[in-house]
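Trainee: I have a new model open and would like to go through it with you. Could we start with the charged side chains and then move on to the empty spaces?

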Amino acid sequence: MTQQKEFTYADLRDILINRVGLPADAVATDPTATFDSMGLDSLAFVEIQLALQQQYGFTISDEDAHTINTIGDAIEYTNRRLREQG
């Protein structure tokens, strides 16, 4: 488990490419881009959740997961949870 204080776009991109299997050229750079717009389905999003939980040591509730729709949402949510861990 990583004791990292900030989750970045590069971290999310790494998960999308190496864990989910999204081609590098399909990863959007716009923080408002949705996971749907990158062609990711609900199973891919579950894989993203698992990666975050395993790497950063917090659980993402189903309620929270439904609020994460864009790249920016995922980065902001993860950073908020990392701050909460202190």
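Mentor: Let us begin in helix α4, where Arg 80 and Glu 84 both lie, four residues apart, which is about one turn of the helix. Please keep in mind throughout that this is a predicted model.

Trainee: How far apart are the closest N and O atoms of Arg 80 and Glu 84?

Mentor: They are 3.6 Å apart, and the two residues form a salt bridge. Arg 81 also forms a salt bridge with Glu 84, and in that pair the closest N and O atoms are 3.2 Å apart. Arg 81 and Glu 84 are separated by about one helical turn, because they are three residues apart in helix α4. Arg 80, Arg 81 and Glu 84 are thus linked in a network of salt bridges.

Trainee: Is Arg 81 buried or exposed?

Mentor: Arg 81 counts as buried, because its relative accessibility is 16% and the cut-off for buried is under 20%. Arg 80 is partly exposed, with a relative accessible area of 33%, while Glu 84 counts as exposed at 53% relative accessibility.

Trainee: How many salt bridges does the structure hold?

Mentor: It holds three. Besides the two pairs in α4 that we have discussed, the side chains of Glu 47 and Arg 19 meet in a salt bridge, at 2.4 Å from N to O. Glu 47 lies in helix α2 and Arg 19 in helix α1, so this pair ties together parts that are 28 residues apart in sequence. Glu 47 counts as partly exposed at 26% relative accessibility, and Arg 19 is partly exposed as well, with a relative accessible area of 30%.

Trainee: Staying with α1, which of its residues are buried?

Mentor: Helix α1 spans residues 9-19, and its buried residues are Asp 11, Leu 12, Ile 15 and Leu 16. Seen down the axis of α1, these buried residues fall within an arc of 135°, so they line one face of the helix.

Trainee: And what covers the buried residues of α1?

Mentor: The cover includes α2 and α4, the latter running over residues 71-85.

Trainee: What about the stretch just after α1, what phi does Gly 21 take there?

Mentor: Gly 21 takes a positive phi of about 90°. Val 20 has its place in the loop between α1 and α2, and it counts as partly exposed, because its relative accessibility is 23%.

Trainee: Which residues does Val 20 touch, leaving out those up to four places away in sequence?

Mentor: Val 20 touches Ile 15, Leu 40, Ala 44, Glu 47 and Ile 48. Among these, Ile 15 is one of the buried residues of α1, and Glu 47 is the salt-bridge partner of Arg 19. Val 20 and Phe 45, for their part, are 25 residues apart in sequence and 8.4 Å apart in space, taken from C-alpha to C-alpha.

Trainee: Changing topic to the empty spaces, what is the volume of the largest pocket?

Mentor: Its volume is about 260 Å³. The largest pocket is lined by 13 residues, and those nearest its centre are Ser 42, Phe 45, Ala 65, Ile 68 and Asn 69. By class, the lining has five nonpolar, five polar and three charged residues.

Trainee: Which helix supplies the largest share of that lining?

Mentor: That is α2, with three residues. Both α2 (42-56) and α3 (62-65) supply at least two residues each to the lining of this pocket.

Trainee: How many cavities of 30 Å³ or more turn up in a search of the whole structure?

Mentor: The search finds one, and the largest cavity has a volume of about 30 Å³. Phe 45, Ile 48, Gln 49, Leu 52, Ile 60, Ile 68 and Ala 74 line the largest cavity, and α2 gives the most to this lining, with four residues.

Trainee: How is that cavity lining made up by class?

Mentor: It has six nonpolar residues, one polar residue and no charged residues.

Trainee: Gln 49 was on your list, so where does Gln 49 lie, and is it buried or exposed?

Mentor: Gln 49 lies in helix α2, and it counts as buried, because its relative accessibility is 12%. Leaving out residues up to four places away in sequence, Gln 49 touches Ile 60 and Ala 65. Ile 60 also lines the largest cavity, whereas Ala 65 is one of the residues nearest the centre of the largest pocket.

Technical notes: Residues numbered from 1 in each chain as written. Predicted model: local features only at pLDDT ≥ 70, side-chain atom pairs only at ≥ 80, totals over all residues. Heavy atoms only, no water. 1 Å grid on protein atoms, 1.4 Å probe; cavity = no way out; pocket = protein on both sides within 12 Å on 5 of 7 lines; lining within 4 Å. Points joined across faces, edges and corners; volume = space filled by probe spheres on them. Nonpolar A, V, L, I, M, F, W, Y, C, P; charged D, E, K, R; others polar. Buried < 20%, exposed > 50% of the residue type's maximum accessible area, 1.4 Å probe, protein only. Contact = heavy atoms within 4.5 Å. Arc of directions from axis to C-beta. Salt bridge = Lys/Arg side-chain N within 4 Å of Asp/Glu carboxyl O.
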